[in-house]
There are 6 protein chains.
Amino acid sequence: MPLVQIKGISGFLSVAQKQEIIRKVTDAVVSVEGEGLRSVCWVIIEDVPSGEWGVGGNPVTTAALRIMSQAAS
Amino acid sequence: MPLVQIKGISGFLSVAQKQEIIRKVTDAVVSVEGEGLRSVCWVIIEDVPSGEWGVGGNPVTTAALRIMSQAAS
Amino acid sequence: MPLVQIKGISGFLSVAQKQEIIRKVTDAVVSVEGEGLRSVCWVIIEDVPSGEWGVGGNPVTTAALRIMSQAAS
Amino acid sequence: MPLVQIKGISGFLSVAQKQEIIRKVTDAVVSVEGEGLRSVCWVIIEDVPSGEWGVGGNPVTTAALRIMSQAAS
Amino acid sequence: MPLVQIKGISGFLSVAQKQEIIRKVTDAVVSVEGEGLRSVCWVIIEDVPSGEWGVGGNPVTTAALRIMSQAAS
Amino acid sequence: MPLVQIKGISGFLSVAQKQEIIRKVTDAVVSVEGEGLRSVCWVIIEDVPSGEWGVGGNPVTTAALRIMSQAAS
């Protein structure tokens, strides 16, 4: 209320990184919606198994995502 | 690939505020996952009508949310 | 922190019926999970337009749903 | 039609409790929408790992949820 | 069972096109899962308003999507 | 843009079958929306544990689904 549901590929993020995303995304949302909504800001992280997420019809793996994440933007 | 789906209550945020959330949440996620994933970071904003989101069994309205958002945290 | 997301077809339920569902579903969930979780039980109702929900490849309309709901079970 | 998707924290509910929720939530929804819709009432239960669900930016664990559920409402 | 939930940007597809997607996606899924599951294959189409879907932090509009869809692949 | 999220029951489909669904559903969607959108067509497959998906209040198992899928349509 806000409710944030985030999906990524399994094995890419550590639990510590997921919790860093929870903190930073909450801060981002509350900076726009108002601090009074912080306690009702929920952020849920869900993993999809490597190879079960398709882009353009091709399955993406954790290994491919890791290479992509390290490329220059 | 991260995929971020955000739900809130209709009439609370302007389109400009939603787009500010899109930018800030993308920055937050990419700061953890790597700049190389920015182009495949999707953020979707969806509205639920006022009165059709229940907390503890009670429907929350846009008006109630506005008062709550302005309270000190 | 149970989160309940309910989808139905637009125009089938009134707002009062949606709020009755919010109350009854919250009671049902809390009766299993414990009263202590009532305040963090969220129930969100979302509508899909008539004709944009397919069953077996065929779109279902609000009118068809209304007839079906009144049939003997 | 109705479609009910419920998320909770992994390790909190037993399979028997999840199936009790499936029964009771179906009864709750059908009591409002009509018995004729019982056969097309779907209830899906999904678990989010302990520590990967944030409230107010802080991750919630199964252990914390257990304590909370036993508190007086 | 299978349950297919499809999101797109509002104003891009006509209702007839959405129903064509419902038919074709059902056929695609059932060709793999078995014809016996056709009657329990649900496909739900949901629209997100133009400008409220971000890619790489930038909101995508219906107009931009239309240009993109007509480009050679 | 389009975003397709598919849920099924765990243990029913092999990874190869899931990837066949990803390919065929992408083809189906792009045949309607335009080839230019192929690269931004995402298909995500998610599994729900056997017994945690209710139809009409009764949990469905992988074994039951397998029998059903082989029945004549």
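Q: Before we get to the interfaces, what counts as a salt bridge here?
A: A salt bridge is a side-chain nitrogen of Lys or Arg lying within 4 Å of a carboxyl oxygen of Asp or Glu. Please keep in mind that this is a predicted model.

Q: OK, so how many salt bridges does that rule find across the interface of chain B and chain A?
A: Across the interface of chain B and chain A the count of salt bridges is zero, although seven residue pairs are in polar contact there, both partners being at pLDDT 80 or more.

Q: Which elements of chain B make up the side that touches chain A?
A: Strand 1 (3-9), helix 1 (15-33), strand 3 (53-55) and helix 2 (62-70) of chain B each contribute at least two residues to that side, and helix 1 of chain B gives the most, with 10 residues.

Q: And what is the chemical make-up of that side of chain B?
A: The residues of chain B that touch chain A divide into 21 nonpolar, seven polar and five charged.

Q: How much area is buried between chain B and chain A?
A: About 2900 Å² is buried between chain B and chain A, and carbon and sulfur atoms give 71% of that area. Of the area that chain B buries against chain A, 22% is supplied by B:Met1, B:Val32 and B:Glu33, which is more than any other three residues supply. The contact itself takes 33 residues from chain B and 34 residues from chain A.

Q: Switching pairs, how many residues does the contact take from chain C and from chain D?
A: That contact takes 33 residues from chain C and 34 residues from chain D, and the area buried between the two chains is about 2900 Å², with 71% of it given by carbon and sulfur atoms. Here C:Met1, C:Val32 and C:Glu33 supply 23% of the area that chain C buries against chain D, more than any other three residues.

Q: What about salt bridges and polar contacts between chain C and chain D, how many?
A: The rule finds zero salt bridges across the interface of chain C and chain D, while seven residue pairs, both members at pLDDT 80 or more, are in polar contact. On the chain C side, strand 1 (3-9), helix 1 (15-33), strand 3 (53-55) and helix 2 (62-70) each supply at least two residues, and the largest share, 10 residues, comes from helix 1 of chain C.

Q: Where do chain B and chain D stand relative to one another?
A: No contact joins chain B and chain D, and their closest C-alpha atoms lie 10 Å apart. Chain C and chain F are likewise joined by no contact, with their closest C-alpha atoms 10 Å apart.

Q: New topic: why is B:Cys41 not in a disulfide?
A: The closest cysteine sulfur to that of B:Cys41 is in A:Cys41, 16 Å away, which is too far for a bond. The structure holds zero disulfides over all chains, and E:Cys41 is in none either, since the nearest cysteine sulfur, that of F:Cys41, is 16 Å away.

Q: Are those two cysteines, B:Cys41 and E:Cys41, buried or exposed?
A: B:Cys41 counts as buried, at 0% relative accessibility, and E:Cys41 is buried with a relative accessible area of 0%.

Q: Last one: where does F:Glu46 lie, and what is it in contact with?
A: F:Glu46 lies in strand 2 (residues 42-48) of chain F and is buried, with a relative accessible area of 8%. Leaving aside neighbours within four places in sequence, F:Glu46 is in contact with A:Lys7, A:Val48, F:Gln5, F:Ile6, F:Lys7 and F:Gly8.

Conventions:
Residues numbered from 1 in each chain as written. Chains lettered and ligands numbered in written order. Predicted model: local features only at pLDDT ≥ 70, side-chain atom pairs only at ≥ 80, totals over all residues. Heavy atoms only, no water. Disulfide = S-S within 2.5 Å. Buried < 20%, exposed > 50% of the residue type's maximum accessible area, 1.4 Å probe, protein only. Contact = heavy atoms within 4.5 Å. Helix = DSSP H or I, 4+ residues; strand = E, 2+ residues; numbered from the N terminus. Buried area = accessible area lost by both parts, 1.4 Å probe. Polar contact = N/O pair within 3.5 Å; in protein donor to acceptor, adjacent residues only side chain to side chain. Nonpolar A, V, L, I, M, F, W, Y, C, P; charged D, E, K, R; others polar.
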